[in-house]
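Visitor: I'd like a close look at one part of this model. Pick a single residue, start with what it touches, and work outwards from there.

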Amino acid sequence: MMSQRNRPRAPSGPIDSAGPSRVSGSLPGPAVKRYFVHTFGCQMNVNDSRRMGEALATIGYRPAPTAEQADLIILNTCAIREKAEDKMLSALGRYRAVKTQRGALLAVAGCVAQQEKAKLLARVPYLDLVFGPDAIGKLPELVNRVSVERVRVAETAWIDSEEYVFPRADPGSSVGKVSEFVTVMKGCDNVCSFCVVPHTRGREMSRPFVEVLEEVAALTTVGVREVTLIGQNVNSYRGGISFAELLLRVAQVPGIERVRFTTSHPHDLSGALIDAFRREPRIAPHFHLPVQSGSDAVLRRMKRDYTVAAYLERLAALRGARPGIAVTTDIIVGFPGETEEDFRATLALTEQVRYDNQFSFVFSPRPHTVAGLKEEEWGPVPHEVKVERLERLQVIQRRISGEIAEGLVGHEVEVLVEGPSRTDPSRRFGRSPENRTVNFEGSAPAGARVRVHVTHASPSALLGDEAGIIDLPAIRPLRPRTEAA
Ligand code: SAM
Ligand code: SF4
């Protein structure tokens with residue numbers, strides 16, 4: 001249910017409307033209306049899609065199992081790399097058939113919507129609605145406008161900081177889940193030269209800490225024991241207390257066993273945050289710290305604001321505060337002007353840090369970004385060189401991830417059980433404190449913490465046998481309605 005504070009409200013800026021051209025689809029019928037959200041991109045988008053579902057529930061919409069059964073199809077898009085945009089455009093083409101067959105309304109949300117605004121309506125004549133990340137709370141009003149007034153609408157105005165209210169998660173939609181995401185920030189004030197996020201997500205805004213604590217407490221009432229606090233750069237959180245303090249307070253919420261967060265910019269990794277890892281065992285021993293490159297020259301052009309030496313120094317302090325902490329990172333290869341020597345520095349850093357895992361990408365020039373505009377001047381890296389470098393990096397990282405995982409065979413790991421394994425439902429699935437995927441033979445219920453004896457390892461998952469229960473959840477997780485039926 002939507003709280004009073006989250007009711008649709010007027011935007012602070014003018015509505016960026018492409019109306020009043022006619023909507024090409026017919027009105028949803030009087031029967032229960034159904035929506036389908038196709039989500040692209042990061043966890044922030046996954047969370048936004050959930051909030052869209054909750055907003056639509058207030059006007060009687062229910063989720064549809066497939067797009068073909070929906071009266072409203074929303075593509076929640078990602079603009080971080082060109083490939084993500086291409087995927088969105090091809091999906092849009094597929095959903096056009098559903099629109100033609102059953103008159104479904106078609107909407108584009110998220111970063112591409114924010115980037116393209118009303119231009120998207122002109123480009124895609126069968127599209128009914130375009131709305132940006134700040135308009136999620138207004139979705140019921142926008143859908144009503146499109147279906148009742150029969151206009152095509154683009155709503156991409158930012159809501160300024162005094163007006164903006166973070167959509168509050170409905171704990172009812174977390175029934176059956178043990179681990180959940182909680183939004184603590186939106187937007188980003190950094191100026192990394194490759195990144196489109198500041199243009200698509202706007203200025204950084206922190207959610208008041210009281211709201212975060214209330215949402216976490218509400219989630220525990222349905223059995224959630226682990227939360228991941230999310231934002232583009234959580235280390236610069238300013239919601240009334242520091243991010244380190246926020247983590248410490250969330251860890252104290254009764255029922256919470258583990259607190260995680262993502263994502264962090266290395267230049268904001270404070271001593272207080274490192275100290276929080278030393279003090280509070282419920283802060284899970286995993287840190288995703290995107291380095292992007294192992295070359296100072298490349299980092300300078302990326303406008304990342306740290307050197308490799310400073311990054312390593314922070315990392316050493318972190319590992320000193322919490323020995324055994326898992327560290328993961330993001331890397332971009334083929335950034336404009338990246339030489340073979342620069343790239344080798346990234347390989348050397350990978351070997352030196354021995355990351356538990358890396359998410360690596362080839363550079364993709366993005367609109368409005370400095371690196372996108374200066375690619376020619378700085379020296380574009382040919383596509384085949386980018387791909388070859390990516391493969392070389394990934395071979396090394398796979399070996400390191402495999403070696404780290406192999407080292408756990410024969411040992412016991414703690415696992416918070418989330419349910420049946422996705423790959424083999426006869427097994428159980430959960431995660432270790434270091435965020436490793438663990439599938440195991442056993443019968444522990446979702447929400448239990450167990451010891452698992454590791455028998456096999458691959459770079460991406462551990463396999464083992466349940467060796468004993470550490471504890472059961474104080475609050476018995478409610479099962480989702482479909483499972484209970
Ligand atoms: N806020 C995070 C940080 O400061 O590192 C990054 C968030 S971004 C959504 C996720 C990752 O996408 C980045 O860390 C970067 O590696 C990658 N990325 C962003 N822009 C990119 C681009 N233009 N080309 C390739 N990869 C990109
Ligand atoms: Fe993008 Fe992250 Fe840099 Fe912000 S800090 S501009 S989200 S890469």
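Guide: Let's start at Thr183. If you skip the neighbours within four places in sequence, Thr183 is in contact (heavy atoms within 4.5 Å) with Asn47, Phe166, Arg207, Val212 and Ile230. Keep in mind that this is a predicted model, where local features need pLDDT of at least 70, side-chain atom pairs count only at 80 or more, and totals for chains, interfaces and linings use all residues. Residues are numbered from 1 along each chain as its sequence is written, chains are lettered from A and ligands numbered from 1 in the order written, and side-chain values use heavy atoms, leaving out hydrogens and water.

One of those partners does something extra: the side chains of Thr183 and Asn47 make a polar contact at 3.1 Å (N or O atoms within 3.5 Å, in protein a possible donor and acceptor, with sequence-adjacent residues counted only if both atoms are in side chains). Thr183 itself lies in strand S7, residues 179-183 (strands are DSSP runs of E, at least two residues, and helices runs of H or I, at least four, numbered from the N terminus). For a sense of distance, Glu245 is 62 residues from Thr183 in sequence, and their C-alpha atoms are 16 Å apart.

Now for the helices. H1 covers residues 43-57 and packs on H5 (residues 139-149) at about 65 degrees, with the axes 8 Å apart (lines fitted to C-alpha atoms over the stretch in contact, with angles from 0 to 180 degrees between N-to-C directions). Met52, Ala55 and Leu56 come from H1, while Leu139, Pro140 and Val143 come from H5. By class, that contact has six nonpolar residues, with no polar and no charged ones (Ala, Val, Leu, Ile, Met, Phe, Trp, Tyr, Cys and Pro count as nonpolar, Asp, Glu, Lys and Arg as charged, the others, Gly among them, as polar). The crossing of H1 and H5 is right-handed (the near helix is turned clockwise from the far one by less than a right angle; anticlockwise would be left-handed).

H11 has two partners to look at. With H9 (residues 271-279), the angle is about 25 degrees and the axes are 8 Å apart, so H9 and H11 are roughly parallel to each other (under 35 degrees; over 145 is roughly antiparallel, 65 to 115 roughly perpendicular and the rest oblique). On the H9 side you'll find Gly271, Ile274, Phe277 and Arg278, which meet Arg314, Ala317, Leu318, Gly320 and Ala321 of H11. The mix here is five nonpolar, two polar and two charged residues.

The other partner is H12 (residues 340-353): its axis comes within 12 Å of that of H11 (residues 308-321), and they cross at roughly 10 degrees. That pair, too, is therefore roughly parallel. H11 brings Val308, Leu312, Leu315 and Arg319 to Leu349, Gln352 and Val353 in H12, giving five nonpolar, one polar and one charged residue. H11 crosses H12 in a right-handed sense, and the crossing of H9 and H11 is right-handed as well.

Two backbone oddities sit in loops. The peptide bond from Thr262 to Thr263 is cis, with omega near 10 degrees, and Thr263 is in the loop between strand S11 (258-262) and H9. Lys117 isn't a glycine, yet its phi is positive, about 50 degrees; look for Lys117 in the loop between H3 (110-116) and H4 (119-123).

Last stop, the ligands. Ligand 1 is surrounded by 15 residues (a heavy atom within 4 Å), the closest being Phe194, Gln232, Gln292, Asp330 and Ser364. A nitrogen of ligand 1 is 2.7 Å from a polar backbone atom of Gln232, and a backbone N or O atom of Ser364 lies 2.8 Å from a ligand 1 nitrogen. An oxygen of ligand 1 is 3.2 Å from a side-chain N or O atom of Arg81. Around ligand 2 are Cys188, Asn190, Cys192, Phe194, Cys195, Val197, Pro198, Gln232, His265 and Arg304, a shell of six nonpolar, three polar and one charged residue.
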